[in-house]
Amino acid sequence: MPTRRQLILGTGGILALAAGTLALGAWRSRSGVAPAPPSADLPLPLTAMSWQLTSHLSARVGPGDWVGRPALVFFGFTWCPDVCPTTLMNIAGWLEELGSEADKLTIALISVDSERDTPEVMSEYVAMFDPRILGLTGSPEEIALTAAEFRIRYEKVPRDDGDYTMNHTAGVFLFYPDGRFASIIDFHEDPQFAVPKIKRILA
Amino acid sequence: MKTLLYSVPFLLIASSAIAGSCPQWTVGDLVIDAAWSKATIGDARPGIIYFTVTNTGAEADNLTGIATPAAEMPMLHETVVTDGIASMPHAPAIPVPANGSVSLAPGGYHGMLMGLTAALAKGDTFPATLTFERAGTVEIEVAVEALTAREPTCRQDAS
């Protein structure tokens with residue numbers, strides 16, 4: 001058991017490193033002279049991201065589409081039995097508390113499971129939750145670039161029965177309307193802190 | 001066979017759910033309460049089981065196993081978040097403290113149902129057998145709630 005966990009953490013570390021390097025490369029290639037390098041573990045501003053994904057409505061979406069509105073973004077996969085539905089229900093609770101203010105938010109679930117989560121599968125899944133939630137997916141390369149720019153980690157974990165599950169960053173990322181990264185709502189964060197964090201990006 | 005399996009217990013549970021309190025099962029000093037699951041989209045995705053175990057005795061116990069005809073490979077898991085990354089390791093023994101309780105609930109311990117024999121629909125129930133190290137085994141009926149449920153619709157008695 002400890003061996004397996006160490007293995008998972010070890011692989012996660014390598015993934016993170018790879019993600020950081022990728023993101024840094026992408027970031028440098030766009031901006032001629034780099035100012036201070038971005039922090040190793042915080043998402044880039046949306047304005048410095050370059051990913052392109054496909055929405056559950058089969059539209060191509062990029063970070064530029066989100067600038068101008070506050071955004072709430074999280075990662076998951078639709079085969080996820082506990083974490084993702086729980087996050088979705090937490091979000092539903094926050095939206096309820098925010099009332100009509102919540103309509104200003106871009107809310108997106110980005111899949112880390114390219115293999116199973118096609119746009120059609122995402123569509124079926126997000127329809128079960130809130131119509132304001134956008135489901136995004138893409139090719140393995142597209143998802144890898146997105147993960148790198150958000151500084152998130154994910155890893156495919158084979159199961160004994162031949163199936164697989166995904167470990168992934170579970171926090172919810174908040175961005176200001178101008179695309180700056182604002183904060184993260186952790187998976188086990190006290191709900192009383194979540195709504196004020198969202199209110200800050202809505203202000 | 002499957003219809004019979006699901007529909008008969010459903011009638012029994014439905015009446016108690018309408019009455020308000022969640023059904024309870026007892027084995028030794030342990031009381032199992034608020035057993036619920038979530039509807040699934042199809043039968044390819046894993047299902048989930050949540051419940052609460054209350055120990056009225058002075059000796060601690062461990063929940064070590066789960067079995068159910070609803071899935072080929074049911075297993076006890078725990079959602080663990082390490083450095084912001086969620087994983088679901090197998091939980092070989094979930095501690096039930098003496099004079100205390102443990103909840104299998106969203107975001108923590110849960111029974112994961114891999115290889116569902118059929119999709120789970122809201123309103124279904126299915127049996128599950130829990131194995132405790134000291135108290136032995138007990139069969140419970142798990143009520144399937146909506147995929148978007150956060151808790152069982154029955155009222156959980158204070159434990």
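Good morning. Two residues are said to be in contact when heavy atoms of theirs lie within 4.5 Å. Please keep that cut-off in mind, because the word "touch" will rest on it throughout this talk. The structure shown above is a predicted model.

Let me begin with one residue of chain A. Which residues does A:Phe175 touch, leaving aside those up to four places away in sequence? Its contacts include A:Pro43, A:Leu44, A:Leu46 and A:Met49. They also include A:Pro70, A:Ala71, A:Val73, A:Phe150, A:Arg180, A:Phe181, A:Ala182 and A:Ile201.

A:Phe175 belongs to the largest nonpolar core, which has 62 residues. A:Phe175 is among the members that touch the most other members, together with A:Trp66, A:Leu72, A:Leu105, A:Leu136, A:Phe150 and A:Ile198. Helix H2 of chain A gives the most to this core, with 8 residues. A second, separate core holds 31 residues, including B:Trp25, B:Ile94, B:Val102 and B:Leu120.

I turn next to helix H3 of chain A, residues 119-126. Its buried residues are A:Pro119, A:Val121, A:Met122, A:Tyr125 and A:Val126. Viewed down the helix axis, these buried residues fall within an arc of 160°, so they line one face of H3 of chain A. What lies over them? The cover includes helix H2 (83-98) and the strands S1 (53-55), S4 (106-111) and S5 (133-137), which belong to chain A.

Two of those strands, S1 and S5 of chain A, pair with each other in the antiparallel sense over 2 bridges. Within this pair, A:Ser55 has A:Leu136 in S5 of chain A as its bridge partner. We have already met A:Leu136 among the well-connected members of the largest core.

The wider sheet in chain A is open and has 7 strands, in the order S2-S1-S5-S4-S3-S8-S9, with mixed pairing. Which strands stand at its edges? They are S2 (60-61) and S9 (181-185) of chain A; each has a single partner strand, so one side of each is left without a neighbour in the sheet.

Let us now follow strand S7 of chain A, residues 164-169, towards the second chain. This strand is mostly covered, with 6 of its 6 residues buried. Strand S6 of chain A, residues 154-158, runs antiparallel to S7 of chain A and is joined to it by 5 bridges. One of the bridge pairs is A:Tyr154 with A:His168. The two strands form a hairpin with 5 residues between them, and A:Gly162 in the turn has a positive phi of about 90°.

S7 of chain A is also joined by 2 bridges to strand S7 of chain B, residues 85-87, and these two strands run antiparallel. Here A:Thr169 has B:Ile85 as its bridge partner.

How much area do the two chains bury between them? The value is about 2,600 Å², with 64% of it on carbon and sulfur atoms. A:Trp79, A:Pro81 and A:Asp82 supply 23% of the area that chain A buries against chain B, more than any other three residues. Counted by contact, 31 residues of chain A meet 31 residues of chain B.

Finally, I come to chain B as a whole. It has 1 helix and 12 strands, and the helix precedes the strands when one reads from the N terminus. Of its 159 residues, 53% count as buried. Among contacts in chain B with a separation of 6 or more, 67% link residues 24 or more positions apart. Its accessible surface comes to about 6,600 Å², and 56% of that belongs to carbon and sulfur atoms. Thank you for your attention.

How values were computed: Residues numbered from 1 in each chain as written. Chains lettered and ligands numbered in written order. Predicted model: local features only at pLDDT ≥ 70, side-chain atom pairs only at ≥ 80, totals over all residues. Heavy atoms only, no water. Helix = DSSP H or I, 4+ residues; strand = E, 2+ residues; numbered from the N terminus. Buried < 20%, exposed > 50% of the residue type's maximum accessible area, 1.4 Å probe, protein only. Areas by Shrake-Rupley, 256 points an atom, 1.4 Å probe, with all protein chains shown as cover. Arc of directions from axis to C-beta. Core = buried A, V, L, I, M, F, W, Y, C linked by side-chain atoms within 4.5 Å. Pairing = 2+ DSSP bridges. Buried area = accessible area lost by both parts, 1.4 Å probe.
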